[in-house]
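Let's take a walk through this model together, going from one local detail outward. Keep the viewer open as you read.

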Amino acid sequence: MSSDNIDIRYVAKLARIELTDDEVERFGRQLGDLLEHAKTLHELDTAAVSATAQVVESRNVARADAVGRCLEHETVMQMAPQRQGAFFRVPRIISEDS
Amino acid sequence: MSETMELSAAEIARRVNAGDISAREVTDAALAQIDAVDGRLGAYLTRLHDLARVSAGRVDARIKAGEHLPLAGVPVAVKDNMCLAGTRTTCGSKMLEGWVAPYTATAVARLLDAGAIPVGKANMDEFAMGSSCENSALGKTRNPYDLGRVPGGSSGGSAAAVAAYEAAIGMGSDTGGSIREPAAFCNLVGFKPTYGRVSRYGLIAFASSLDQIGPLARSVEDAALAYDVMAGKDPMDSTSVDRPVEPAATALRSDLRGVRVGIVKEFGTQRLGPEIDSLYRRAYLDLERLGATLVDVELPTAEYGLATYYLIAPAECSSNLARFDGVRYGLRVDGEDVGQMYERTRAEGFGPEVKRRILIGTYALSSGYYDAYYVKAQKARTKFGADFKRAFERCDLIASPAASSPAFAFHAKSDPYSMYMMDYYTIPMSLAGLPALSVPCGYVLPEGSSRPMPMGLQLAAPLFGEVQLLAAANAYECATQHARQQRPEGAL
Amino acid sequence: MQYEAVIGIECHVELKTKSKMFCACPNRFGGEPNAQVCPVCLALPGALPVANEEAILQVIRAGLAFGAEIPAFSKFDRKNYFYPDMPKDYQISQYDMPLAQGGIVRYWLEDGTTKECRLTRIHLEEDTGKSTHAGSGDGRIAHSRYSLLDFNRAGVPLMECVSEPDIRSAEEAVGFLEALKRTFVQLGVSDVKMEEGSLRCDANVSIRPVGSKDFGTKAEIKNMNSFRSVYRAIESEIARQIAVVAPGGRVMQETRGWDELAGTTHSMRSKEEAHDYRYFPDPDLVPIEVDRTVVARLRSLMADLPIARFERYRESYGLGVAQATQLVDTPQLAEYFDSCVGAGGGGQQAANFVLGDLSRLANETQTPVWESSVAPQDLAELIGLVESKTINSKIAKDLLLRMWNGGGSPKALVEHEGLAQTSDPGAVERFVDEVVAAHPKVVADYKAGKTNVMGFLVGQVMKQSRGKANPALAGELLAQKLG
Ligand SMILES: [Zn+2]
């Protein structure tokens, strides 16, 4: 486990949260502390241990392929922060093309 | 306050089913109590007067038609991270401040179908992240036993509402202790069933592999009654367990003969101070007096609970909360392009604790750190399961404190880590998915205060051991009657 | 220097289930925008996914069709990244434990040669919604001011097939894709319509000197909307890379978009934000354990797959590449053909009828051959009548039309209507005499050396005999009479 400082701006970019300079400083410090504590986990010998993703070991929970009810279109669109006709509208998506 | 509101949920249901009182009368009493005290307490974010009356009318009609409903007319506080169609469901966040759920969570639907009356949506720490309710972006909830103190969290609103007789049952959700800790702080029984027992469908996710819905109540019997109704397989939740639910409310016991209770060596209470230490020692002796055999057990991984939990839960939450992006519902803060819109919306919509956990979780999952943090924590989680398995070879139940202190004053835990420490005793059970509850076990006088504050005894059972757990808690509760020794002055 | 291309294909295939992958909304193309959505596929707070069992089985069947290994254990993972048409801002996919691993796609080219391409894996995931980039005036995303979102497609089950870099040309790439397409169509797991977006593919293209074992730097080509554009895009990209490398330049590792109008690929600006998908097991879903008996049963149900059929048609019946391909491309037609051959109809003759007269009738009447009143056994009988020279091909065509319109056994029709070919020399001779008498001028022409009028005279004999005369015998007798 690395002991380097967490690159909080990079992480915030991944998480899509804009941070103020003050938050960068504060969260950076707090997360650093928390990770220091998390490193105590490395005292644990887990060599022969598998990872637990779920505590109750269910398998093969699936549904039959049958059609059920959808939400009413208007109910859906009333939630929209911005709509245009039957569509949700968002500001331009620039990351795809040049 | 109307005497009706002091009745237990079991008694309300009995009387409504018998026709001695109508659901409408109970509901009016509950709404009157809410109107009388909630201005001071702030347990609810949304009061549901209209819906409650309509629901009561329907319950009365069903009773008249000859139906028997296990929760007939029982006023319920629904934590605001559970969807209830047509009502505002905020999760205590600015992100969802105006969002009206178009569907109902399965657990809520089961309660309502059993005759319960939704009287309000209860305050909570934002996205269930916190142990004091102070992280709610939408309101401040006070502890009915001392208005200067927190009600606990994250299910603090539900706890305060039930403690202050604003509801007979509270629905809570518990990820690392969010039912048990506020129950302890508010002199209630708070019960987290085995992971997967109660459907999570419609529960706004914090950490999917840990979240579990459960009841808060003023007695074990009431908690068992609510649990019996909400538990069971739901086809809408893949992780809900397909396993018969044995009724708990009818299996309650009055003694603990033949029950081996494990006391965790690593959970020594001396470090909590002499007053708290002696309170728990007395509680363990009370268990013994009821016929239980006390045995020492070890949970060698226990001290790694916080480190494990504060990697797994944030990792899952960082992904679960990605959907709050300003595109389809909830808050949007506009931007030049979609990316800027996302970043501004999420900066504005989430409070500091939520941001902290999203950031730590994003980091723990990111390339280069995944194995060191996330996978390591999952392996530690396996060790928790193994620890408990070994411990339960020697005992039937485990007893421990539910929280390391009584309810604290507002702003007393300003740094995140000291707040995280509140969940020290509850987190190991959460990591292992065990059923666990908190039951009132007496009072301590916090430093500089003249008001005795309640404490909770945590009991935990092996996976799916709900019936034995509730049965034992009932025996302890009936024999000790701690909850009755103090009144919540804030409710009166 | 001579270069060869090294190509790997990744393609996404929308499965043909009734409902979506993790919710019960209909899996249907089109419709009013945002009207086929529910809390789950719209990622409303609190909603949870439940996997569609049929979609899982379809991917397993797709894997088995190519001989892939179906691991005993599989799971769903979350692939985390933000994109407006992806409601949860993560995609439920499969990272390290896909439903199918390995396998080989055998396919053929237009000249009939067969090729192989190894598969890396096939996994199951969910589709995104659709964004329309608007307000630009020129339709280019880069100039758009806003985007409109429709989530009807969000959550449709999507199967991703990833190939090894075993493909060496644009033609092979198309052959490979056609093989996937006809296999998936035959299995009934997808419609595979590129124009509706139910098949989308990307190609990783690099070049290297012929004989080299190393791999060059690859470019990932996107935005190819038809098999034809796959072909053109790869050709164009290979040419571009050779033009870069030949004078000593270096190919950049990048994503390139195919521009259908310009006929070239162009660099797509690499996304500013980092790509870190933070895969982890989806805690909302439980792992899949694939029962070995289920795999065995599904394997036993694998019908005659396209490549096997193609080879059988070529080798056993000597069909041409075009005819064999045509049959294989429509599985019901191939089954019809197989039934006919099974009932004794000779292979080539059956192919001619099925792809010729029957397909034409099918077109004219908008009725598929396999749903028509001509049973494959009846067709076999008809072919038998032709082969035994009981009827001639002209009568056969007429009979086929009657069978199409009313059904029934051709033998019975022949007997009932006395249509059997007449090979009795006496009877045919009478028709010949009549024709010779009726056309003195033509007979004179013939005798003057214009032997090409013979066809006309035979035709007249056939007409006179209402098609029943054996045309070969008629020709012989005419030649005798006029000789
Ligand atoms: Zn849906």
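A good place to start is C:K222, which counts as partly exposed because its relative accessibility is 25%, and the cut-off for buried is under 20%. Its side chain meets that of C:E220 in a salt bridge, at 3.5 Å from N to O. Please keep in mind throughout that this is a predicted model.

Other charged pairs deserve a look too. C:R232 and C:E260 form a salt bridge with an N to O distance of 2.9 Å. This pair links distant parts of the chain, 28 residues apart: C:R232 sits in helix α3 (residues 227-245) of chain C, while C:E260 belongs to the loop between β14 (254-259) and β15 (264-267). Both partners are partly exposed, C:R232 with a relative accessible area of 26% and C:E260 with 35%.

A wider span is bridged by C:R106 and C:E311, whose closest N and O atoms are 2.5 Å apart. C:R106 is in strand β7 (residues 104-108) of chain C and C:E311 in helix α5 (residues 306-317), so the pair ties together parts that are 205 residues apart in sequence. Here the burial is uneven: C:R106 is partly exposed at 31%, whereas C:E311 counts as buried at 18%. Over all chains, the structure holds 73 salt bridges. Some join into a network, made of B:R200, B:D237, C:R78, C:D282 and C:D284.

Now turn to where chain A meets chain C. In this interface, 37 residues of chain A are in contact with 60 residues of chain C. The buried area is about 4,400 Å², and carbon and sulfur atoms give 58% of it. How many salt bridges does the rule find across the interface of chain A and chain C? There is one; C:E289 pairs with A:R59, with 2.9 Å between the closest N and O atoms.

Next along chain A comes A:N60, whose phi is near 50 degrees, a positive value in a residue other than glycine. Most residues other than glycine have a negative phi. A:N60 lies in the loop between α2 (21-38) and β1 (62-63) of chain A and is partly exposed, at 42% relative accessibility.

Further on, A:L71 is in the loop between β1 and α3 (73-78) of chain A. A:L71 is buried, with a relative accessible area of 12%. Among its contacts beyond four places in sequence are B:P102, C:V37, C:C38 and C:P39.

C:C38 leads us to the zinc ion: its protein donors are the SG atoms of C:C23, C:C25, C:C38 and C:C41, lying 2.3 to 2.4 Å from the metal. The site is tetrahedral, with angles of 100 to 117 degrees among the four donor atoms. For comparison, the ideal tetrahedral angle is 109.5 degrees. Along the chain, the donors follow the spacing C-x1-C-x12-C-x2-C. C:C23 and C:C25 are both buried.

Finally, look inside. The largest nonpolar core has 153 residues, and those with the most contacts inside it are B:F127, C:I9, C:M159, C:F176 and C:F184. Helix α2 (residues 170-187) of chain C gives the most to this core, with nine residues. C:F176 is in contact with C:I9, as well as with residues including C:V105, C:Y107 and C:L119. A second, separate core has 135 residues, including B:I63, B:A163, B:C395 and B:M453.

Technical notes
Residues numbered from 1 in each chain as written. Chains lettered and ligands numbered in written order. Predicted model: local features only at pLDDT ≥ 70, side-chain atom pairs only at ≥ 80, totals over all residues. Heavy atoms only, no water. Core = buried A, V, L, I, M, F, W, Y, C linked by side-chain atoms within 4.5 Å. Buried < 20%, exposed > 50% of the residue type's maximum accessible area, 1.4 Å probe, protein only. Helix = DSSP H or I, 4+ residues; strand = E, 2+ residues; numbered from the N terminus. Contact = heavy atoms within 4.5 Å. Donors = N, O, S within 2.8 Å, 3.2 Å for Na, K, Ca; no water. Tetrahedral: all angles 85-135°; square planar, octahedral: opposite > 155°, others 65-115°. Buried area = accessible area lost by both parts, 1.4 Å probe. Salt bridge = Lys/Arg side-chain N within 4 Å of Asp/Glu carboxyl O.
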